[in-house]
Amino acid sequence: MTTTATTPAKARGGIWRQTRTFEPAVRLLFLNQLTINLGFYMLMPYLAAHLADGLGMAAWAVGLVLGARNLSQQGMFLVGGALADRLGFKPLIVAGCALRTVGFGALAFAQSLPTLIAASLATGLAGALFNPAVRACLAVEAGEERRVEAFALFNAYYQAGILLGPLVGVALTGVSFRLTCVVAAVLFAGLTLVQLRHLPVRVSEAPRERRGQFRTVLSHRTFWLFSLAMTGSYVLSFQVYLALPLAAGGTGVTTALFVVSALVALAGQLRITAWTRRRLSRERCLVLGLALMGGAFLVPAVLGRGPVGLLLCAAVLAVANAVLYPYEMDTLVALSRGRWVATHYGLYNTVCGIGITLGNLGTGALLDVTGWSAAPWLALCAVGLGCAAATALLARGGRLAAG
């Protein structure tokens, strides 16, 4: 197995102090992700209630509106990544944020089902445009030596947005849901203008020829195997939204699950990344993170559905994600060999999105059959350990380093 990059591994103080060691473009990308998640999570958790209670829509219509956003985002990730590699990262980031401004603004005033679906599709497509471009741009701007460190900070800002968004959203929605939409749209409008002015123009390090983009990515066997192995991590992470809240059975514990997850990431991400970089190779970090994710579900299997077991499970999942995420993102760049990086990210997101859908169907079916016995938790544990074993096999011979 290869070793990680030889950069200073020790965390340089807190999140802000370490942020200041990066170039302005990288700092802007951190702010970008914080604002994106702040705006998204102040609005989306309360959209279903607005549609059902505020507009009196039937359950099937609510599901259709919410599903339209997910479908447009997951289905268009590959297109967004491919366009970022062709046109440059900045145009796609700016366009995505501008489109989400329009989508959230439309949600503030939409009343009919077709208008709501159109607004939901716009918000999803926006994410498909900027998500692969942001990650590819961060990889290029941070450079090979500081890529892992940059993605660790990126995840901290990502989690901060998830933590703050619902808190801001519940206060604004207490006044009116329309106000929440307008504030979220204003945030994205401001972000669009800041990026338009300050984000440097960068293009993919892919070859300048325009042929072979999709052939290069789609025929990359190791990339496909890695994507399939890592899909399990997304299925397990998503249980903070599915199995754990269902087991909690109340809003108090459910809220605590998200708070614990975010606080663990904010407090521990930089320390965890610094520790793992000093002691482990990138490949071993991937295996460790996946194994920890699987092991997290042993806690409710043993302790049951009580708050202590569920919160401890969420905390271990957050630690596992902090171990995994920077090296996962770094591995994708290594596998791409600097060719069509955003396209690789886009396809990866699509594969993982499909995996989440199938995994949630399987988890739900298992819960229907077995109830809240230990079986669902043990099955989720087996997923994590199986993915860890698959990743360890892929790492043999340096395949994850060379791509």
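A residue is called buried when its relative accessible area is under 20%, exposed when it is over 50%, and partly exposed in between, as computed with a 1.4 Å probe on protein chains only. By that rule W340, with a relative accessible area of 1%, is buried. The structure is a predicted model, in which local features need pLDDT of at least 70 and side-chain atom pairs count only at pLDDT 80 or more, while totals for chains, interfaces and linings use all residues. Residues are numbered from 1 along each chain as its sequence is written, and side-chain values use heavy atoms, with hydrogens and water left out.

W340 belongs to the loop between α15 (307–336) and α16 (341–370); helices here are DSSP runs of H or I with at least four residues, numbered from the N terminus. The phi of W340 is positive, near 55 degrees, in a residue other than glycine. Most residues other than glycine have a negative phi. Beyond this loop, α16 has 30 residues and spans 42 Å from its first C-alpha to its last, close to the 44 Å expected at 1.5 Å a residue, where the expected span is 1.5 Å times one less than the number of residues. After α16 comes G371, whose phi is also positive, near 70 degrees. Within α16 lies G364, which is partly exposed because its relative accessibility is 24%. G364 and A247 are 117 residues apart in sequence, yet their C-alpha atoms are 12 Å apart in space.

W340 is also a partner of Q213, a residue of helix α9 (residues 213–218). Apart from residues up to four places away in sequence, Q213 touches A82, D85, R86, W340 and T343, contact being defined as heavy atoms within 4.5 Å. Q213 counts as buried because its relative accessibility is 2%. A contrast is offered by L228 in helix α10 (residues 221–237), which is exposed because its relative accessible area is 53%. L228 and W340 are 112 residues apart in sequence and 19 Å apart in space, C-alpha to C-alpha.

The interior may be considered next. In soluble globular proteins, nonpolar side chains tend to be buried together. The largest nonpolar core has 102 residues, and those with the most contacts inside it are F30, L43, F104, F226, L244, Y345 and W377. Such a core is a set of buried Ala, Val, Leu, Ile, Met, Phe, Trp, Tyr and Cys residues joined through side-chain atoms within 4.5 Å. Outside its neighbours within four places in sequence, F226 is in contact with L286, E328, T331, L332, L335, Y348, L394 and L400.

Helix α2 (residues 24–43) is mostly covered, with 16 of its 20 residues buried. Its span from first C-alpha to last is 29 Å, close to the 28 Å expected at 1.5 Å a residue. N32 lies in α2 and is buried because its relative accessible area is 0%. Leaving aside neighbours within four places in sequence, N32 contacts I93, C97, V134, L191 and Q195.

Helix packing is illustrated by α7 (residues 147–175) and α8 (residues 177–198), whose axes are 6 Å apart at an angle of about 130 degrees. The pair is therefore oblique, since angles under 35 degrees count as roughly parallel, over 145 as roughly antiparallel, 65 to 115 as roughly perpendicular and the rest as oblique. In this contact, G169, L172, T173 and V175 of α7 meet F177, L179, T180 and V183 of α8.

Conventions
Helix = DSSP H or I, 4+ residues; strand = E, 2+ residues; numbered from the N terminus. Axes fitted to C-alpha atoms, helices over the stretch in contact; angles between N-to-C directions.
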